[in-house]
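Subject: Structure for you to look over

Dear colleague,

Here is the structure I said I would pass on. Please open it alongside the notes that follow.

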Amino acid sequence: MIRVVVVDDEQLVRAGLRLILEAAEDITVVGEAADGAGALEQAQRLRPDVVLLDVRMPGIDGLTVAPEVVAAGPKVIMLTTFDLDEYVHRALRAGAVGFLLKDTPPRELAAAVRTVAAGNAMLAPTVTRRLISSFAERGPARRDAARERLAPLTERELAIVREVARGHGNAEIARRLTMSEATVKAHVSRALAKLHAGNRVQVAILVHDADLL
């Protein structure tokens, strides 16, 4: 079971997130908190696999406490109503490996928790596209260097990482490329290893630098 702590200052939001996540057979919510201090206490005491952490809360907010929560061991997914670049950059610098909007469909939320628990990054597609665009200052040298790094990939792996760069998750990539989700996952893992990349965001930026979208 993937053990999750839900952190949001609104009780109704926490209750909704709990219902969504516990509808999945492989996810259980082991704790809740209403602010950053509670998030850190729960992370240290309960040792969850994933913490869903609201960006904006009274007192200690999610962005402020995120580095300490990450240091306690769990993977962190930031949740927000506001799709703002400032939040995305601060969240990633704080060590979060996921960034989702609160209107994310239930099935995608559960899938994001699984992805992050497995050690991969997961950003909302709109966030991924805009994050990549912020790295748009690239010249021929940067493009050529990126293409050289991508050269070891097979044709199929390159097709898949291009879909990753477009912000698609494994299920959507499988549908678009007519293959199983397990096969997509295996190709993504091999591509990450070949590229010495820590997560999908780094791969997406590399594809964008190579001007292959």
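The loop between strand S5 (98-101) and helix H5 (106-117) contains Thr104. Please bear in mind that this is a predicted model. Thr104 is buried, because its relative accessible area is 15%, which is under the 20% cut-off. The side chain of Thr104 also reaches back to Leu101, where the backbone oxygen lies at 2.6 Å.

Next, the start of the chain. Strand S1 (residues 2-7) is mostly covered, with 5 of its 6 residues buried. S1 is joined to strand S2 (residues 27-33) by 6 bridges, and the two strands run parallel. Within this pairing, Val4 has Val29 in S2 as its bridge partner.

Two helix pairs are worth checking on screen.

The first pair is helix H2 (residues 36-46) with helix H3 (residues 62-71); their axes are 9 Å apart and the packing angle is about 5°. H2 is therefore roughly parallel to H3, since angles under 35 degrees count as such. On the H2 side the contact is made by Gly36, Ala39, Leu40 and Ala43, and on the H3 side by Val65, Glu68 and Val69. By type, the residues of this contact between H2 and H3 are 5 nonpolar, 1 polar and 1 charged.

The second pair is helix H10 (residues 181-195) with helix H11 (residues 200-209), whose axes come within 11 Å and cross at roughly 70°. That angle falls in the range of 65 to 115 degrees, so H10 and H11 are roughly perpendicular to each other. Val188, Leu192 and Leu195 of H10 are in contact with Arg200, Val203 and Leu206 of H11. The contact of H10 with H11 divides into 5 nonpolar residues, no polar ones and 1 charged.

Last, helix H8. In H8 (residues 155-165), the buried residues are Glu157, Ile160, Val161, Glu163, Val164 and Ala165. What is the sign of phi at Gly167, which follows H8? Phi of Gly167 is positive, near 90°.

If you have time for one place, I suggest Thr104, where the burial and the side-chain contact to the backbone oxygen of Leu101 can be viewed together. After that, the H2 and H3 pair, roughly parallel, can be set beside the H10 and H11 pair, roughly perpendicular.

Regards

Methods. Residues numbered from 1 in each chain as written. Predicted model: local features only at pLDDT ≥ 70, side-chain atom pairs only at ≥ 80, totals over all residues. Heavy atoms only, no water. Helix = DSSP H or I, 4+ residues; strand = E, 2+ residues; numbered from the N terminus. Buried < 20%, exposed > 50% of the residue type's maximum accessible area, 1.4 Å probe, protein only. Polar contact = N/O pair within 3.5 Å; in protein donor to acceptor, adjacent residues only side chain to side chain. Axes fitted to C-alpha atoms, helices over the stretch in contact; angles between N-to-C directions. Parallel < 35°, antiparallel > 145°, perpendicular 65-115°, else oblique. Contact = heavy atoms within 4.5 Å. Nonpolar A, V, L, I, M, F, W, Y, C, P; charged D, E, K, R; others polar. Pairing = 2+ DSSP bridges.
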